[in-house]
Amino acid sequence: MFFDRPESGELAVLVHLNLSHGQDAEDPREFEELVLSAGGDPVAFLTGSRIVPTAKFLISTGKLEELRQLVVEHKAELAIFNHTLTPSQERNLERELQCRVLDRTGLILDIFAQRARTFEGKLQVELAQLRHTATRLIRGWTHLERQKGGIGLRGPGETQLETDRRLLRNRITMIEQRLEKVRSQREQGRRSRQRAAIPTVSLVGYTNAGKSTLFNRVTGADVYAENQLFATLDPTMRRIELADIGAVVMADTVGFISHLPHKLVEAFRATLEEASNSTLLLHVIDSAAEERVRNIEQVELVLEEIDAAELPQLRVYNKVDLLTDTEPHIDRDDAGKPVAVWLSAQTGAGCELLQEAISELLGKEVVNGRLVLTHKQGRLRAMLYSQQAVVAEDYRDDGASLLQIRVPKSDLLRILSVESMAFEELVWADAVPAEQDLSGEL
């Protein structure tokens with residue numbers, strides 16, 4: 001049976017069980033935040049403990065009776081479980097409670113459906129919803145489950161349920177084809193950036209860790225940022241300039257959460273590939289969160305799932321303004337390499353340290369010296385100026401230009417390739433460039 005969904009906030013009874021069968025426990029406080037983010041109005045919170053969930057209702061018959069009384073008492077329109085329900089459990093609970101029943105996966109899908117803004121994001125959410133709905137179609141057509149014969153009743157030879165399944169498969173196939181096109185377009189963009197030697201830095205982290213606020217602070221963008229779960233669904237990319245590095249593309253991605261539904265991971269594959277193909281990952285962490293260690297572990301699990309766990313990573317401990325004994329600073333390993341930055345994206349404190357750490361981790365071989373150019377090399381001079389590589393310029397008595405340049409060697413080699421020149425052909429006023437190595441490569 002299906003139940004109509006009202007347009008306003010729904011009265012919801014929340015159900016959370018402490019299960020002792022080897023699974024990671026869900027956080028009841030995070031569960032309540034998810035419901036509020038979805039626009040629900042929690043009126044009661046039912047908790048309990050079980051060693052093993054029941055096959056028919058997940059909860060025991062005693063808890064089911066308690067839940068039924070709470071639904072009737074508060075006139076609730078919805079019962080939400082902080083667990084994954086099987087289709088049969090969902091149908092059985094709706095039959096007993098006479099209201100809609102939603103599990104954790106359905107709740108997250110609903111939030112995603114509300115937050116998707118771009119065409120791509122809406123396609124990804126619809127794909128995840130269709131895959132989720134495909135296993136739950138039968139409850140809507142129990143009154144049309146049989147084929148009928150007779151005059152005026154003969155049809156195409158399939159039940160309404162079979163018709164819906166066929167239409168669903170067709171829609172899923174169409175969306176997958178569209179997303180495959182999006183994936184190929186993203187791959188083409190990545191190849192273009194790789195040819196231009198432009199590194200990509202992706203922000204990843206647990207939902208509501210402050211990724212979008214940090215993204216806005218560093219790039220000057222105006223991405224939607226709110227203190228709520230899954231405020232960002234659609235990836236945003238901006239180009240920034242860093243000292244000694246030049247152009248860097250920074251990407252803001254969707255937040256992760258514990259037990260992120262596999263349907264979402266698959267549907268958002270095109271988006272998550274931005275992170276898995278990055279030069280550097282910025283793992284943004286809410287330093288003031290009580291579940292900080294657990295959240296870090298959950299993000300690492302998702303990174304493994306999208307084949308991004310082996311990428312270079314810099315941890316960014318955000319919201320230090322909420323801590324009483326911590327100031328913005330950079331943590332380094334024994335070799336002096338940055339491993340973590342403590343900052344506040346909200347106030348901006350420590351954001352310059354983040355840019356410093358990124359520059360060190362992405363540091364390239366930098367050429368710093370006085371280059372001698374003849375009047376016939378005016379085009380090379382113009383290209384160096386266009387790359388903002390010229391620090392100062394002087395002239396010799398014979399009319400040659402003396403250019404003090406500071407530029408990543410990869411950029412200089414790219415310019416020289418346009419001029420069909422080799423690096424060894426350059427003439428320097430000094431014996432060798434004054435500075436060759438700023439930091440190690442990744």
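Here are some notes on a predicted model, for someone opening it for the first time.

1. Start with the open sheet. Four strands make it up, in the order β2-β1-β3-β4, and their pairing is parallel. At the edges stand β2 (41-50) and β4 (100-102), each with a single partner strand, so one side of each has no neighbour in the sheet. From one strand to the next, the twist averages 20 degrees.

2. Next, look at how β1 sits against β2. Strand β1 covers residues 11-19, and nine bridges join it to β2, the two running parallel. If you want one bridge to find on screen, take L11, whose partner in β2 is D41. As background, strands of a sheet pair through backbone hydrogen bonds, either parallel or antiparallel.

3. Now for the other end of that sheet order. Helix α3 (residues 87-97) lies across β3 (78-81) and β4. Relative to β4, helix α3 runs at about 145 degrees.

4. Which parts does the pair of F31 and F45 tie together? F31 belongs to helix α1 (residues 28-37) and F45 to strand β2, so the pair connects parts 14 residues apart in sequence. The ring centres are 6.0 Å apart and the planes stand at 90 degrees, so this pair is edge-to-face. The two residues differ in exposure: F31 is buried, at 0% relative accessibility, whereas F45 is partly exposed, at 32%.

5. There are three aromatic pairs in the model, and another one worth a look is Y317 with W342. This pair is stacked, at 4.2 Å centre to centre with 10 degrees between the planes. Y317 is in strand β9 and W342 in strand β11 (residues 338-342), so you are looking at a link between distant parts of the chain, 25 residues apart. Both rings belong to buried residues: Y317 has 10% relative accessibility and W342 has 11%.

6. Is helix α7 largely enclosed or left open? Seven of its nine residues are buried, so α7 is largely enclosed by the rest of the structure. Those buried residues are K211, S212, L214, F215, N216, V218 and T219. The cover over them includes the strands β5 (200-205), β6 (236-242), β7 (246-252), β8 (280-286) and β9 (313-318), together with helix α11. Right after α7 comes G220, with a positive phi near 75 degrees.

7. The packing of α7 on α11 deserves its own point. Helix α7 (residues 211-219) meets helix α11 (residues 351-361) at an angle of about 80 degrees, and their axes are 11 Å apart. That angle makes α7 roughly perpendicular to α11. From α7, the contact uses L214, R217 and V218; from α11, it uses C351, L354 and Q355. Sorted by class, that gives four nonpolar residues, one polar and one charged. L214 and V218 are also on the list of buried residues of α7. On helices in general, an α-helix has 3.6 residues a turn, so residues three or four places apart point the same way.

8. Last, a single residue to click on: S410. You will find S410 in helix α13 (residues 409-418). With 29% relative accessibility, S410 counts as partly exposed. What is the distance in space between S410 and V367? C-alpha to C-alpha, they are 9.4 Å apart, although 43 residues separate them in sequence.

Terms used
Residues numbered from 1 in each chain as written. Predicted model: local features only at pLDDT ≥ 70, side-chain atom pairs only at ≥ 80, totals over all residues. Heavy atoms only, no water. Axes fitted to C-alpha atoms, helices over the stretch in contact; angles between N-to-C directions. Parallel < 35°, antiparallel > 145°, perpendicular 65-115°, else oblique. Contact = heavy atoms within 4.5 Å. Nonpolar A, V, L, I, M, F, W, Y, C, P; charged D, E, K, R; others polar. Buried < 20%, exposed > 50% of the residue type's maximum accessible area, 1.4 Å probe, protein only. Pairing = 2+ DSSP bridges. Phe/Tyr/Trp six-rings, centres within 6.5 Å; stacked < 30°, edge-to-face > 60°.
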